[in-house]
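Me: I'd like to learn how to read pockets and cysteines in a model. Can you walk me through it?

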Amino acid sequence: MSSSPLRVASVGLGWWSDVLADAAGRTDGRVEIVSCFTRSEDKRQAFSEKYNCGAAASLDEILNDDSIDAVINTTPNHVHLETTAAVAQAGKHVFLDKPVANTIGEARQITKACADAGVVLSVGYQRRRENHFRWIQERIAAGEFGTLVQAEANISRDRAGQFELGHWRYTAEGMPGGVMLQIGLHYVDVLTMLLGPVESVSGMAAQLVLPGDNPDVGTLLMQHENGAVSSLSTSYASASEYYLMNIYGKKMSAYYNLFDGLRSLSQGDKDQTPVAVEKNDAIAEQLIEWADAIAGDGSPEVGGESAMTSLAVVKAGIKSVAEGRHVTVAEILASDD
């Protein structure tokens, strides 16, 4: 494994690029932000000064810079294919913010472009790495939960007033499915990790608070391939940030929420047991995993194929909302939609 820092450019500068740059600073020197680019000169200069890195005048300047190994891509969803393909063809590795793309066809092309170029693609699904979910995952693998039967989850944020009218996050082109796509993906990924692949989805959504084209609340009801049923509620219209994940097995259940932490209950118990888990730096851990994979040590837990599968689950939910029917994930994966 290389001890040299991975020299990275941040492309597409918004609030999340800062979160990832901050995390890069916590990788013990494994990932170093050395340059940046976005179309806004003001944003480029602000990022450059904040992170003490260069500010490229164009994406081509980054692509042609042989001193740059890789790119953290936080451009809007609908330009992920264009930007990621260009970066891959330049021989640079890619850390791509989720969703991998807005359509299955684009996700497939992104995955192929990186594979053909021989570069490492990691897609930003840090939630699955949080220690409370790893605790549950380890005990499911050990058989302590018995038959998995059900799960319920909620991921919510207050996004009122967070973006200017006309922002891509408010448009159907920029973020189809709204909140279900943009943050629901995280918990679809966690539910898939814990309960197994999703077979079919029913969705319901509404637009109640935010402007623009997209639903700001949505619920997905999912049937997993093992027969378990899970429900996921998503909201950009809630009073505050909230996370909940309850996993039910025949022999054990686990309950997590943002305020009370993790608890468990075994068959026959009358009281739940608090579970102490250390809070971990999931974003920095994923960046280190990406750097390790580039150095030849392992591969990203979530690459293009895995990210495309969770995208297909959400797309099935979006199609279900539009057509009022149960939609299989296989139907979505068979299309480019």
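**Pockets first**

Reply: Start with the second largest pocket: 19 residues line it, and Arg127, Glu130, His132, Tyr256 and Lys279 lie nearest its centre. This is a predicted model, where local features need pLDDT of at least 70 and side-chain atom pairs pLDDT 80 or more, while totals for chains, interfaces and linings use all residues. Residues are numbered from 1 along each chain as its sequence is written, and side-chain values use heavy atoms, leaving out hydrogens and water.

Me: What counts as a pocket, and as lining?

Reply: Rolling a probe the size of a water molecule over the atoms shows where empty space is left. On a 1 Å grid over the protein atoms alone, a pocket is an open set of points where a 1.4 Å probe fits, with protein on both sides within 12 Å along at least five of seven lines; lining residues have an atom within 4 Å of a point.

Me: How much space lies in the second largest pocket, and in the largest?

Reply: About 430 Å³ in the second largest pocket, and about 720 Å³ in the largest. The largest has 28 lining residues, with Gly12, Thr38, Arg39, Thr75 and Pro76 nearest its centre. By class, its lining has 10 nonpolar, 12 polar and 6 charged residues.

Me: Why is there no bond between Cys53 and Cys36?

Reply: A disulfide needs two cysteine sulfur atoms within 2.5 Å. The closest cysteine sulfur to that of Cys53 is in Cys36, 4.2 Å away, so it is too far for a bond. The whole structure has 0 disulfides.

Note on methods
Points joined across faces, edges and corners; volume = space filled by probe spheres on them. Nonpolar A, V, L, I, M, F, W, Y, C, P; charged D, E, K, R; others polar.
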